[in-house]
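Colleague: I've got this model open and I'd like a close look at the aromatic rings. Could you take me through them, and then show me what else is worth seeing around the chain?

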Amino acid sequence: MIVVTGATGNVGRALVARLVADGQAVRALTRDPETAGLPDKAEVVTFRPQDPAPLFTGASKVFLYVQAAGGRLPELLAAARTAGVRHVVLLSSGIIQEGADETHPIHVMHATAERQIRDSGLAWTFLRPNAFAANALQWAPQIRAGDTVRGVFAGMLTAPVHEDDIAAVAERALLDGGHEGAVHRLTGPAATTNTDQIAAIGRAVGRELTFVEVPPEEAAPLLFPQSPPELVQGLLKSFAATVGVPPEITATVEEITGSPARAFGQWAADHAADFRP
């Protein structure tokens, strides 16, 4: 039995689908099983972090999404170990690297989780993806409403990674030996700017879209309406640092899965329906 936390997130959903298709027993944790829309063959269970023991009964491995832990990661890890779980695959962040700003909220969150997992006594694998292609979904409301997208830093450079490529690496880390104690840095295959991404989405939906750069202080409420101000400021600082700077590009996806990482244009085609009215 493999437990998947954050099962309705972009990566978690893709991972559940992969594991079920591979004939694996999967327990998908979600706060609302009735609306989860997960595969029928998955055991979909209400995630109750205040009562973690039943979540891991009979399980040997866990895919962990930090935000899904609800601030109770040590308790979840202890319950998992007591239940017989042996291996945790963590969806961490590429922000954790040498020379990184260790005060950045995203760095603090994931570095803390990595430390807690190392201290738990469980075998572990850390996945550290850089920019998610799915971050482009922040533009969906504007694209559904018109052909102009307002956002920050037209020239910021990233190598966005498809969520299903992350899921494919997670699947191999869970099912194959040799990933214990490994840190896998994941990226897409090529650098793109925000302008490039909007153009790719336009091709996917059959429209000509235009990216208009606006000052960060003006765009932040539009793009991150639900995020705490300190997190937004950290994100904007990170974004500004990427303008004109070639991003890290790894071959990890292909090395582990045997298939090359998918380009952003493929992600846009896969998600075209998300950008149509």
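Modeller: Sure. Keep in mind that this is a predicted model. Searching the whole structure turns up 4 aromatic pairs. One of them joins tryptophan 124 and phenylalanine 126, and that pair is stacked, with 4.2 Å centre to centre and 15° between the planes. Tryptophan 124 and phenylalanine 126 are both buried. Another pair is tryptophan 267 with phenylalanine 275: the ring centres are 6.0 Å apart and the planes sit at 75°, so this one counts as edge-to-face. Here too, both tryptophan 267 and phenylalanine 275 are buried. Add Phe264 to Trp267 and Phe275 and you have one aromatic cluster.

Go back to tryptophan 124 for a moment, as its ring has a charged neighbour. Arginine 118 lies over the face of tryptophan 124, at 4.9 Å from the ring centre.

One more aromatic residue deserves a stop, this time for its backbone. Most residues other than glycine have a negative phi. Phenylalanine 153 is not a glycine, yet its phi is positive, at about 55°. You'll find phenylalanine 153 in the loop between β7 (148-151) and α5. Its relative accessibility is 14%, so phenylalanine 153 counts as buried, the cut-off being under 20%.

That loop takes us to α5 itself, residues 163-175. At 1.5 Å a residue, its 13 residues should span 18 Å, and the end C-alpha atoms are indeed 18 Å apart, so the two figures agree. Helix α5 is mostly covered, with 11 of its 13 residues buried. Have a look at which ones: the buried set includes the acidic residues Glu163, Asp164, Asp165 and Glu171, along with Ile166, Val169 and Leu174.

For contrast, try aspartate 40, in the loop between β2 (26-30) and β3 (43-46). Aspartate 40 has a relative accessible area of 80%, so it is exposed. Its C-alpha atom is separated by 9.9 Å from that of alanine 17, which is 23 residues away along the chain.

Now for the empty space. The structure holds 1 cavity of 30 Å³ or more, and the volume of the largest cavity is about 50 Å³. Around it you'll see Thr5, Phe56, Val62, Leu64, Leu73, Leu76, Leu77, Ala80 and Val88. Two elements, β4 (61-65) and α2 (73-83), each give two or more residues to that lining, and α2 gives the most, with 4 residues. By class, the lining of the largest cavity has 8 nonpolar residues, 1 polar and no charged ones.

Thr5 turns up again in the lining of the second largest pocket, where its companions include Gly6, Ala7, Thr8, Gly9, Arg31, Phe47 and Tyr65. About 220 Å³ of space lies in that pocket. The lining of the second largest pocket is a mixture, with 5 nonpolar, 6 polar and 1 charged residues. Thr5 is a handy residue to click on, then, as it is listed in the lining of the largest cavity and in that of the second largest pocket.

Terms used
Residues are numbered from 1 along each chain as its sequence is written. This is a predicted model: local features need pLDDT of at least 70, side-chain atom pairs count only at pLDDT 80 or more; totals for chains, interfaces and linings use all residues. Side-chain values use heavy atoms; hydrogens and water are left out. The expected span of a helix is 1.5 Å times one less than its number of residues. Buried means under 20% relative accessible area, exposed over 50%, partly exposed in between (1.4 Å probe, protein chains only). On a 1 Å grid over the protein atoms alone, a cavity is a set of points where a 1.4 Å probe fits but cannot get out, and a pocket is an open set with protein on both sides within 12 Å along at least five of seven lines; lining residues have an atom within 4 Å of a point. Grid points are joined across faces, edges and corners, and a volume is the space filled by probe spheres set on the points. Ala, Val, Leu, Ile, Met, Phe, Trp, Tyr, Cys and Pro count as nonpolar, Asp, Glu, Lys and Arg as charged, and the others, Gly among them, as polar. Rings of Phe, Tyr and Trp (its six-membered ring) pair if their centres lie within 6.5 Å; planes under 30 degrees apart count as stacked, over 60 as edge-to-face and the rest as tilted. A charge sits over a ring if NZ of Lys or CZ of Arg is within 6 Å of the ring centre and within 35 degrees of the ring normal.
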